[in-house]
Amino acid sequence: MNQAKRRTVIAGNWKMNMTPSQTTALINEMKTTLPAEPACDVVLCVPFVDIAAAKAAAEGSVIKVGAENVHFEEKGAYTGEISAQMLTECGVEYVIVGHSERRQYFGETDDTVNLRLLAGVKAGLTVILCVGELLGEREKGITAEIVSLQTKVALRNIDADMLKKVIIAYEPVWAIGTGLTATSDQAEEVCSIIRGVLAEKYGDDAAQGVTIQYGGSMNAGNAAELLSKENVDGGLIGGASLKAADFAKIVEASNQ
Ligand code: PGA
């Protein structure tokens, strides 16, 4: 993490967990456990129906609220989908796109991820773009190729100015929810490959300004080591973001 050049961002991804009342209770608890002046930005990406409760509970605290997905059309006959404008009007500031669970279970492709990213950025949201290889891809030695391709396609039609609203989360799929964490060297290696892809397209200065997170079983015990790496500028946290004490420890680790 290199704070001189870029923001460190610790973001929770609640996935399909927490009702609105549970949201209120957990955020109220987090307000007592989180540091008053963290060295990083603190974000919770929550289910759509929890956004109002999260905004209300987070008011006056360091916590910013994000969503877990966004549709690419402005409006229309897309039953079950949520537009960027709906999110911004609810006070949402961040949104995740391209999470591996969306790719795996809901048929999202690099192309739809690109469209969702574009829609989010155009609406003024900060978009957390998830990329990462499957275990089989790592075993075949094609991690760099897979992650580079995902990054390039997702950033199609994103210019250098729009890039300022993009965070990239490197999430090896084999590490998500499995308790298997990439080593800090593995995380650093791939985050630096991603920065190289950005440098090729946008130049070195712009690439140095982009926050690149690691995600995949990051927890209170391993966060400090992962965050100590030059190109790891934060975390996207699933399971550990549902526990106030653990999430606070990860935020504290960014201070070190
Ligand atoms: P995990 O999830 O921390 O539970 O592995 C991370 C994520 O899916 O973003």
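Which polar backbone atom is 2.9 Å from an oxygen atom of the ligand? The exercises below use a predicted model.

**Exercise 1. Work out how the protein holds the ligand's oxygen atoms and how far it covers the ligand.**

Solution.
1. Start with the opening question. The polar backbone atom belongs to Gly239, at 2.9 Å from a ligand oxygen.
2. Cover comes next. On its own the ligand has 280 Å² of accessible area, and the protein covers 95% of that.
3. Add two more backbone contacts. Gly177 places a backbone N or O atom 2.7 Å from an oxygen atom of the ligand. Ser217 has a backbone N or O atom at 2.7 Å from a ligand oxygen.
4. Look at the surroundings. The ligand has 13 residues around it, and Lys15, His99, Glu171, Gly177 and Ser217 come nearest.
5. Sort the shell by class: 4 residues are nonpolar, 7 polar and 2 charged.

**Exercise 2. Decide whether strand β6 is buried or exposed, and find its partners.**

Solution.
1. Apply the cut-off: buried means under 20% relative accessible area.
2. Count. In β6 (residues 166-170), 5 of the 5 residues are buried, so the rest of the structure largely encloses this strand.
3. Split the side chains by direction. Val166, Ile168 and Tyr170 point one way; Ile167 and Ala169 point the other. In a regular strand, side chains alternate between the two faces of the sheet.
4. Find one partner. Strand β5 (residues 126-131) runs parallel to β6, joined by 5 bridges. Ile128 has Ile167 of β6 as its bridge partner.
5. Find another. Strand β7 (residues 212-215) pairs with β6 in the parallel sense over 3 bridges. Here Ile168 stands opposite Ile212 of β7.

**Exercise 3. Trace the salt bridges of Asp233, then examine the pair Asp111 and Arg156.**

Solution.
1. Take Arg6. Its side chain meets that of Asp233 in a salt bridge, 2.8 Å from N to O. Arg6 lies in the segment before β1 (9-13) and Asp233 in the loop between α11 (223-227) and β8 (234-237), 227 residues apart.
2. Check burial. Asp233 is at 1% relative accessibility, so it counts as buried. Arg6 is buried too, with a relative accessible area of 5%.
3. Take Arg195. Its salt bridge with Asp233 has the closest N and O atoms 2.8 Å apart. Arg195 sits in helix α9 (residues 184-202), so this pair ties together parts 38 residues apart in sequence.
4. Turn to Asp111 and Arg156. Their side chains form a salt bridge at 2.8 Å, N to O. Asp111 is in helix α5 (residues 110-122), and Arg156 is in the loop between α7 (143-154) and α8 (160-163).
5. Check exposure. Asp111 is partly exposed at 41%, and Arg156 is partly exposed at 38%.

Note on methods. Residues numbered from 1 in each chain as written. Predicted model: local features only at pLDDT ≥ 70, side-chain atom pairs only at ≥ 80, totals over all residues. Heavy atoms only, no water. Buried < 20%, exposed > 50% of the residue type's maximum accessible area, 1.4 Å probe, protein only. Helix = DSSP H or I, 4+ residues; strand = E, 2+ residues; numbered from the N terminus. Pairing = 2+ DSSP bridges. Near = heavy atom within 4 Å. Polar contact = N/O pair within 3.5 Å; in protein donor to acceptor, adjacent residues only side chain to side chain. Areas by Shrake-Rupley, 256 points an atom, 1.4 Å probe, with all protein chains shown as cover. Nonpolar A, V, L, I, M, F, W, Y, C, P; charged D, E, K, R; others polar. Salt bridge = Lys/Arg side-chain N within 4 Å of Asp/Glu carboxyl O.
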